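User: Please take a close look at one part of this model, then work outward from it. Keep it brisk, and give the reasoning where there is a step to show.

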Amino acid sequence: MLDCGLDMTSTLNFLPLPLVQSPRLSNLPGWSLKDGSAFLDKELKECSGHVFVDSVPEFCLPETELIDLSTVDVILISNYHCMMALPYITEHTGFTGTVYATEPTVQIGRLLMEELVNFIERVPKAQSASLWKNKDIQRLLPSPLKDAVEVSTWRRCYSMQEVNSALSKIQLVGYSQKIELFGAVQVTPLSSGYALGSSNWIIQSHYEKVSYVSGSSLLTTHPQPMDQASLKNSDVLLLTGLTQIPTANPDGMVGEFCSNLALTVRNGGNVLVPCYPSGVIYDLLECLYQYIDSAGLSNIPFYFISPVANSSLEFSQIFAEWLCHNKQSKVYLPEPPFPHAELIQTNKLKHYPSIHGDFSNDFKQPCVVFTGHPSLRFGDVVHFMELWGKSSLNTVIFTEPDFSYLEALAPYQPLAMKCIYCPIDTRLNFIQVSKLLKEVQPLHVVCPEQYTQPPPTQSHRMDLMVDCQPPAMSYRRAEVLALPFKRRYEKIEIMPELADSLVPMEIKPGISLATVSAVLHTKDNKHILQPPPRPVQPTSGKKRKQRATDDIPDCKVLKPLLSGSIPVEQFVQTLEKHGFSDIKVEDTAKGHIVLLQEAETLIQIEEDSTHIICDNDEMLRVRLRDLVLKFLQKF
Amino acid sequence: MAPTVRSAWIQGLHSLAQHPGALGFLADLGAVDRLLTLQGDPSLFVVTAAGQLLVHVLGLALHNCGPPCGPPLDPQWPLLASSLLAQLEEALQPASTPQLLQALGVLTNAFTSCPAPWAPALWGRLRPAMTCLLEGQPLQAPHALGDLLLAVARSPEVVVDLGPWEMLALVLGRLEPSQGGQLALGVLQLPECPQALRAQAFGVLLQPLTCVLSTSTDAPGLQELPPSAVGGSASLDLLLASRSACVGLLCCALARLALLPPLPWRPSPWPQAFLLGAVVAVLRSCNGHVPISAAGGRLCAALVGCERVQRAALDLLGALAQDAGPPELVLEVCGVLLEHVDSPDSSPTVLKKAFQASLTWLPHADKKPHPCGLQVPAQLFLPELLQVLRKRLCSPSWEVRDSGLEFLTQAASLWAGQADFRQMLQASEVPPLARQLLRDPESYVRASAVIAVGQLSSGGLWAHPGDQQGSPLEGLLDMLDTDPDAFPRRAILQVLTAWLRDTHGPLAAHPEPLLARAFQAAGRDPDWEVRARGLELAREFLVQTLGRIGVPCPYVPTPLLDTPPADTQALHPACRTRLFEFVFPALFDYDRPVARAACELLLLLRAQTTTCATPPQAGDTPDPATVEAALHCWRTGEAGRPLGELVPQAVLAVLQALDLDDLRGTLADGSDHAEKSPLSLLQDMLAAAGAQGHNQVDCY
């Protein structure tokens with residue numbers, strides 16, 4: 001299984017979970033059907049013309065119906081965003097396999113899960129809504145609830161215990177490490193340049209190679225650069241995790257982010273940045289480190305609020321080997337690779353586990369707050385939205401591309417604060433993909449259908465699709481696709497002692513052959529040729545004899561193998577020499593037919609077979625066979 | 001022989017050929033044949049030099065023999081010119097491409113330098129060969145041919161009788177649209193030209209834009225176009241053949257069209273609406289917005305994010321601002337400009353162009369409402385522009401901040417007097433932001449901020465009710481002392497000079513203490529440009545205080561004689577600012593431009609003071625030894641002030657002691673004057689003779 005991401009956009013259908021009692025949210029009117037039925041009014045609330053589920057947020061799980069996940073042996077994880085559904089898989093499906101991921105992926109993935117669990121669990125909500133999920137009721141609901149898919153499979157967030165259990169099933173791997181999977185294939189993670197520890201995977205046998213490219217970046221940000229060279233010579237390249245905002249250039253967006261941040265703060269407003277606790281935030285802090293002095297923001301406090309804020313900032317500094325070259329070299333100076341260490345030392349950046357406690361003592365305005373969750377449905381961000389939403393001096397700047405900012409803001413409307421959308425998605429865009437594919441030249445590209453056509457809202461943008469030759473094979477949700485290659489060969493090892501016994505004969509210059517009589521031993525998809533058993537010595541021990549016959553199959557005397565070709569003209573001359581007359585040769589599509597009319601016999605000579613067809617005259621057949629054999633080599 | 005030697009040999013001949021008598025010598029020597037051979041030299045330098053010399057020889061030969069004798073079209077040619085032309089005519093054969101190109105090049109230059117009376121005869125002689133060339137299939141060396149025809153067309157004597165218009169039309173017609181742009185531009189730049197040819201040439205330039213607009217559902221102004229501008233689907237396919245071809249063709253077309261609006265003889269009727277529509281369509285395609293059509297999609301895929309095209313289109317848009325256009329199109333122009341100024345994806349260079357174009361379009365946005373009731377967005381465009389400028393001044397990219405400040409400076413200088421602009425600017429947060437950028441970490445931005453702040457102050461645009469910071473003058477003087485980079489310090493002195501010129505500027509009242517600080521800072525500045533600008537400031541101050549020293553204007557007769565003489569009292573303000581403690585040492589500055597500026601300044605001052613000043617009274621004047629000691633200190637850069645604080649009498653004494661005229665002569669010498677002097681030549685000759693070991697005496 002390649003990745004197991006969690007679709008969190010389902011949470012946008014739910015009301016936010018406020019950390020502090022919100023009269024506005026708790027007094028929302030219930031929603032009733034057009035006919036006046038109000039049986040859903042406890043579950044569904046109306047807010048600014050939208051209907052939301054008043055319940056603990058639920059998540060949309062990966063597809064579980066298509067295959068039995070208990071039969072999955074291995075899960076390969078690309079990056080920490082693509083493992084958020086892992087507890088659902090490992091703890092609830094009978095999964096007994098192994099998960100492979102790099103160390104930063106696991107550690108930061110753990111932080112993301114921990115934050116998620118914390119955000120949900122610290123605001124317990126007794127109410128659980130399920131009536132609305134009834135298919136007959138759902139179709140009566142307004143959009144987007146009406147159009148939500150697979151709502152019956154939506155699940156509440158997992159617990160920390162499940163997280164720990166899931167993570168214990170992960171085996172850590174390093175870049176370029178080769179991992180044998182049951183002898184069948186070898187998998188290798190490669191740096192994908194997107195996030196700390198993010199990987200693309202090579203899945204290869206001795207004769208086939210499949211590359212799985214997911215969440216990659218060619219930009220110079222903090223992670224180790226993408227390893228492109230190792231993707232070359234792939235039979236198939238599975239392509240996914242491209243940028244979600246192909247029209248937004250990350251550099252331009254960072255510029256917008258900084259400009260809007262500075263403008264707001266200069267006017268005395270506060271800036272709220274809903275974000276994940278790891279990833280782009282490191283780059284944003286680095287950018288701000290260089291920017292705040294020039295923009296005259298040195299006295300403005302920056303707050304990073306997350307249950308895992310401290311761990312995230314510290315983890316980022318210790319994963320030196322997973323960082324880009326510049327940052328790696330800083331470690332040897334020694335200096336912290338990320339400048340946020342200095343921001344913390346100089347008290348420009350302060351981090352807190354939540355708004356409770358120290359934060360409320362230190363809180364000064366105007367300020368800049370980085371906090372989660374980007375969906376604006378849970379986490380400390382809900383509090384700041386409620387607190388600052390009424391003033392037009394304040395600004396919320398969206399940098400994470402995973403959620404529609406308009407949908408995220410829907411339950412907070414009407415909103416006076418300014419909203420700026422600066423999605424920073426460093427993953428590959430279509431131009432970069434085209435260059436990458438030209439560089440690595442896979443035989444076939446397989447990608448989601450969405451990548452093979454322009455976005456529906458910009459159908460004229462032919463540049464916003466994967467452009468490669470041959471055209472990419474696309475797949476849809478739940479579609480089964482046969483990859484365009486067949487495994488035709490297996491590698492077989494030969495034991496040294498058996499190899500010693502072989503006597504190759506040169507049949508053509510540079511080509512030697514030898515017949516091999518051996519036992520093929522197959523175990524864990526490894527095939528080994530072992531020497532044949534020695535002739536069994538008569539022994540008195542019954543037991544021993546029994547075992548020998550069990551282990552080794554009977555070895556019959558083998559006929560010699562033949563090679564070479566039969567030159568028809570010479571063969572005919574030989575036949576004539578041996579007294580055959582009235583010989584006629586006919587050319588066929590596959591070879592020749594030599595017709596001995598007098599003897600009423602046919603000799604059918606083809607590239608890989610020769611047949612002698614005669615009428616019950618065994619003597620004649622043997623004579624002819626011997627003549628044929630004269631032209632062939634035997635082993 | 002090395003190419004440099006061949007090149008030098010030709011240069012030597014060129015020097016020789018300045019004398020009319022050299023022609024015979026060159027002809028006898030066979031130099032012309034050799035030069036023609038050198039047209040095929042592998043070195044481009046040699047080819048160019050040989051070509052230039054051939055042109056010179058031809059011009060000189062024609063010039064020497066006076067006006068043509070005989071029939072106007074078949075006159076008596078001088079022998080040398082005739083032989084040279086015969087060889088060039090021979091090269092005008094379709095088969096001999098390299099020689100053809102060179103011959104066409106020489107003849108093109110010949111037309112620009114040959115004596116006017118000979119031009120018709122030259123054209124008459126070349127015409128048959130040219131006709132023959134034009135009949136060739138395929139057309140050989142079309143660009144060089146076009147250049148020659150244009151050179152002929154620029155010759156008024158030829159145009160009157162035997163204009164090459166037909167040939168130009170023929171060449172234009174035979175060139176592909178992608179090839180004919182340069183020739184078309186050349187035709188359109190001709191002040192006099194048949195209307196039909198002008199329309200044909202204009203059509204060639206417009207064709208790529210017609211293709212662009214044909215992909216749009218809305219194509220304004222198509223009816224204004226000459227028929228030659230309307231290409232078919234073949235032209236469109238050609239444009240969209242490849243991304244690089246499309247980008248190259250559009251860039252060239254846009255850049256060439258941008259040269260036309262200022263021409264008094266630009267094509268008429270001028271398709272302003274079409275051009276605006278096309279440029280807007282191009283810019284929208286670059287931003288990924290196109291009308292829904294298959295060709296539009298292909299065009300968008302080719303142009304999206306292409307900075308080259310964006311820059312060229314914005315240049316053209318700026319050039320088109322000299323006319324307005326239909327109000328709805330002005331609206332679109334303002335919209336697309338705002339889009340580019342605001343877009344995070346606009347590169348700093350594109351942004352700069354967008355700002356420049358906005359500057360030219362702002363006056364149009366200010367026009368009165370159109371009779372149809374459509375509001376031209378004067379009240380919308382500028383506030384939005386200022387809103388975006390506010391954001392841009394906070395950009396993390398220094399180039400963007402710099403471009404923003406430049407725009408602010410230009411806007412403030414253009415419209416400081418307009419009440420609406422003043423009100424909008426002061427209501428925006430732009431002025432305080434500009435002032436904040438005086439502390440920017442990037443020196444270029446600080447320099448631009450200094451200029452912008454200077455302009456805002458001159459225009460009285462600081463008067464924001466909430467601005468408690470007062471005049472920025474003190475801050476600028478502090479920067480002059482402390483800024484580690486030269487660019488901001490230069491800018492500060494430039495601003496101070498501008499303020500001093502402005503009688504209502506921030507320096508109008510009590511400038512002396514402030515100027516004293518400025519002169520002191522400039523005097524010890526390590527950057528020579530800062531010191532030179534300090535001298536400009538000093539000069540301006542002397543102009544203000546003496547009221548007589550002006551820059552000698554060539555159009556004003558004897559400016560200095562008309563002015564009354566200065567007395568020593570008039571020098572007191574300058575002495576109080578310690579101006580001369582800055583100017584006198586600058587006279588001996590190691591950087592020659594500084595020394596020259598100081599010398600010029602003192603020469604002007606001397607002209608005023610030594611001729612007319614009252615004779616110094618005994619006892620006030622320092623003795624010559626002290627003056628000499630002071631000069632020694634300034635010359636050597638030693639510390640010490642033998643003259644003490646400079647008073648007017650001391651200044652006059654120093655002025656009299658200095659041989660400024662001699663100094664000016666010395667400073668006027670080029671840095672290589674020693675190498676080029678006769679003495680140096682003599683030394684070289686002596687050295688060469690010495691190396692040979694004999695004939696030393698002959699060198700004298």
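Analyst: A:Ala478 counts as partly exposed, because its relative accessibility is 46% and that class runs between 20% and 50%. The model is predicted, so every value here is computed from predicted coordinates. A:Ala478 sits in the loop of chain A between β18 (473–475) and β19 (492–494). Its phi is near 65 degrees. That is a positive value, and A:Ala478 is not a glycine. Why does a positive phi deserve a remark? Because most residues other than glycine have a negative phi.

A:Glu150 is another case. Its phi is positive, about 55 degrees, and A:Glu150 is not a glycine either. A:Glu150 belongs to the loop between α4 and α5 of chain A. Is A:Glu150 buried, partly exposed or exposed? It counts as partly exposed, because its relative accessibility is 37%.

Next, the peptide bonds. The loop between α4 (135–138) and α5 (160–167) of chain A also holds A:Pro144. The bond that leads into A:Pro144 from A:Ser143 is cis. Its omega is near 0 degrees. A cis bond also joins A:Leu333 to A:Pro334, with omega about -5 degrees. A:Pro334 lies in the loop between α9 (325–331) and α10 (340–345) of chain A. Both bonds merit a check, because most peptide bonds are trans.

One further loop position is A:Thr71. This residue lies between β2 (50–53) and β3 (74–76) of chain A. A:Thr71 counts as exposed, because its relative accessibility is 53% and the exposed class starts over 50%. How far is the C-alpha atom of A:Thr71 from that of A:Phe95? The separation is 7.0 Å, although the two residues are 24 apart along the chain.

Now the cysteines. How many disulfides does the structure hold over all chains? Zero. A:Cys287 is therefore in no disulfide: the nearest cysteine sulfur, that of A:Cys258, is 3.7 Å away, and the cut-off is 2.5 Å. A:Cys287 counts as buried, because its relative accessibility is 17% and buried means under 20%. In chain B, B:Cys575 also counts as buried, at 8% relative accessibility.

Last, where chain A meets chain B. The contact takes 22 residues from chain A and 22 residues from chain B. Together the chains bury about 1800 Å². Of this area, 57% is on carbon and sulfur atoms. How many salt bridges are counted between chain A and chain B? One. The side chains of A:Glu256 and B:Lys391 form it, at 2.9 Å from N to O. This pair qualifies because the limit is 4 Å between a Lys or Arg side-chain nitrogen and an Asp or Glu carboxyl oxygen. Polar contacts across the interface come to six residue pairs, with both residues at pLDDT 80 or more. Which element gives the most to the side of chain A that touches chain B? Helix α6 (residues 250–266), with 11 residues. By class, that side of chain A has eight nonpolar, 10 polar and four charged residues.

Conventions. Residues numbered from 1 in each chain as written. Chains lettered and ligands numbered in written order. Predicted model: local features only at pLDDT ≥ 70, side-chain atom pairs only at ≥ 80, totals over all residues. Heavy atoms only, no water. Helix = DSSP H or I, 4+ residues; strand = E, 2+ residues; numbered from the N terminus. Buried < 20%, exposed > 50% of the residue type's maximum accessible area, 1.4 Å probe, protein only. Contact = heavy atoms within 4.5 Å. Buried area = accessible area lost by both parts, 1.4 Å probe. Polar contact = N/O pair within 3.5 Å; in protein donor to acceptor, adjacent residues only side chain to side chain. Nonpolar A, V, L, I, M, F, W, Y, C, P; charged D, E, K, R; others polar.
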